[in-house]
Amino acid sequence: MGGAATRDAFGEAIVRVGGDDRVVVLTGDLRDSTRTEKFAETFPERFFDVGIAERNMLGIAAGLALSGKVPWAASFAAFVAGRFETLRVSVAYQEANVRIVGTHSGIGVGDDGYSQMALEDIAGIRALPNVSIVNPCDAIETERAVEYLVDHVGPAYLRLTRQKVDDVNAEGYRFEFGKAVQLRDGNDVAIFGTGATVQEALKAADSLAQGGVTARVVNAHTLKPFDEDAVLRAAADCRALVTVEDHSATGGLGSAVAEVLATRDGRAPLLVLGTRDFGESGSAEELYEKHGISGERVAESTQQFLERLE
């Protein structure tokens, strides 16, 4: 199906929206990895490389936001979300209009191993009262999300991949903040994916269909605010729900869906698929398979889950 890493799509999109002189970009000695080098070349007066000093980067970004700019502070997701206390006090508590850009998310990082893998970032940032979270599934969704976030009011976290992902959406795709997208219909099971795992949910649906199981596939690109109605519709229509994410099974997409079911009278059983251990070195494909979030592993787990419910 082709496709690009969502960090690559971000790099192209941030240059396009850079015509707005409110837009400034910061990074911590990672302009190549975060794909911010083109912005640096095009708008050097609005680009700041602070070196390996992510706390300082976030503090500067907060100050720029409070002065009326729209700063995009970009680093590996593990590094930028790992500076949680600065996100908490300097960005969230101040209601600073910062765009926190975390690239190299999840075990999809691959060979670099756990120290470079953000597997807890969504869980931490979800706990902050006013920080939105957008986790796009492909290049076009990333581009549209960046365009939206220029005028969004409030702190926001944009979570991006190192690895290439399939093109899921058509060229005319319209991003709707806070609204999940149903990609397939089905009433046996609903599979919710986010970011890089949306393509795995689609593969799982294809595999399940061969055995006569119809799977609804939902792209939860906005994890906060979360589309509770999409969950409740799936719970009403389907025998069971499954979530799959390149993130800890605790605190991310699965937890968001479970919270809806627990508080809004949803009655569908739920299976949460995600990492349950520290990451490790290996290719993205090998790690997705080992940790149970590849398309085939999702299909197997879903089939077994449905059989237990019979």
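This text walks through a predicted model, from its strands to its open spaces and its cysteines.

Let us begin with strand β1, which has a covered position: five of its five residues are buried. How are the side chains of such a strand arranged? In a regular strand the side chains alternate between the two faces of the sheet. In β1, Val23, Val25 and Thr27 sit on one side, while Val24 and Leu26 sit on the other, and every one of these residues is buried. Both faces of β1 are therefore covered, since "buried" stands for a relative accessible area under 20%.

Which strands pair with β1? One partner is strand β3, residues 70-76, joined to β1 in the parallel sense over five bridges. You can find this pairing in the model by looking for threonine 27, which stands opposite alanine 74 in β3. Another partner is strand β2, residues 47-49, which also pairs with β1 in the parallel sense, here over three bridges. For this pairing, look for valine 25, which has phenylalanine 47 of β2 opposite.

Now follow the chain out of β1 (23-27). Threonine 36 belongs to the loop between β1 and α2 (37-42). Is threonine 36 buried or exposed? Its relative accessible area is 0%, so threonine 36 counts as buried. A look at its surroundings helps to picture this. Leaving out residues up to four places away in sequence, threonine 36 touches Phe10, Val25, Thr27, Leu30, Arg31, Phe47 and Ala74. Some of these names have come up already: Val25 and Phe47 stand opposite each other in the pairing of β1 with β2, and Thr27 and Ala74 do so in the pairing of β1 with β3. As a further landmark, take phenylalanine 175, which is 139 residues from threonine 36 in sequence and 22 Å from it in space, C-alpha to C-alpha.

Leucine 66 offers a contrasting view. This residue is part of helix α3, residues 54-66. With a relative accessible area of 55%, leucine 66 is exposed, because the cut-off for that word is over 50%. Once its neighbours within four places in sequence are set aside, leucine 66 is in contact with Gln94 and Ala96. Glycine 154 lies 88 residues from leucine 66 along the chain, and the C-alpha atoms of the two are separated by 11 Å.

Further along the chain comes strand β11, residues 240-248. Here nine of nine residues are buried, so this strand is mostly covered. Strand β8, residues 189-193, pairs with β11 in the parallel sense over five bridges, and valine 189 stands opposite alanine 240 there. Strand β12, residues 270-275, pairs with β11 as well, in the parallel sense and over five bridges. In this second pairing, threonine 243 has valine 272 of β12 as its bridge partner.

Next, think about the gaps between the atoms. Rolling a probe the size of a water molecule over the atoms shows where empty space is left. The largest pocket holds about 220 Å³ of space. Of its 13 lining residues, Gln199, Glu200, Lys203, Glu285 and Tyr288 are the closest to the centre. Three helices, α8 (197-210), α11 (284-290) and α12 (295-309), each supply at least two residues of this lining, and α11 gives the largest share with four residues. By class, the pocket lining has six charged, four polar and three nonpolar residues.

How many cavities of 30 Å³ or more are there? The count comes to one, and the largest cavity contains about 40 Å³ of space. Around it you will find Ser105, Asn135, Arg159, Thr161, Thr194, Gly195, Ala196 and Asp246. Five of these lining residues are polar, two are charged and one is nonpolar.

Finally, what about the cysteines? The structure holds zero disulfides. Cysteine 137 is in no disulfide, and the nearest cysteine sulfur, that of cysteine 238, is 19 Å away. A disulfide needs two cysteine sulfur atoms within 2.5 Å, so this pair does not qualify. Both residues are covered: cysteine 137 is buried, at 2% relative accessible area, and cysteine 238 is buried too, at 8%.

Technical notes: Residues numbered from 1 in each chain as written. Predicted model: local features only at pLDDT ≥ 70, side-chain atom pairs only at ≥ 80, totals over all residues. Heavy atoms only, no water. Buried < 20%, exposed > 50% of the residue type's maximum accessible area, 1.4 Å probe, protein only. 1 Å grid on protein atoms, 1.4 Å probe; cavity = no way out; pocket = protein on both sides within 12 Å on 5 of 7 lines; lining within 4 Å. Points joined across faces, edges and corners; volume = space filled by probe spheres on them. Nonpolar A, V, L, I, M, F, W, Y, C, P; charged D, E, K, R; others polar. Contact = heavy atoms within 4.5 Å. Pairing = 2+ DSSP bridges.
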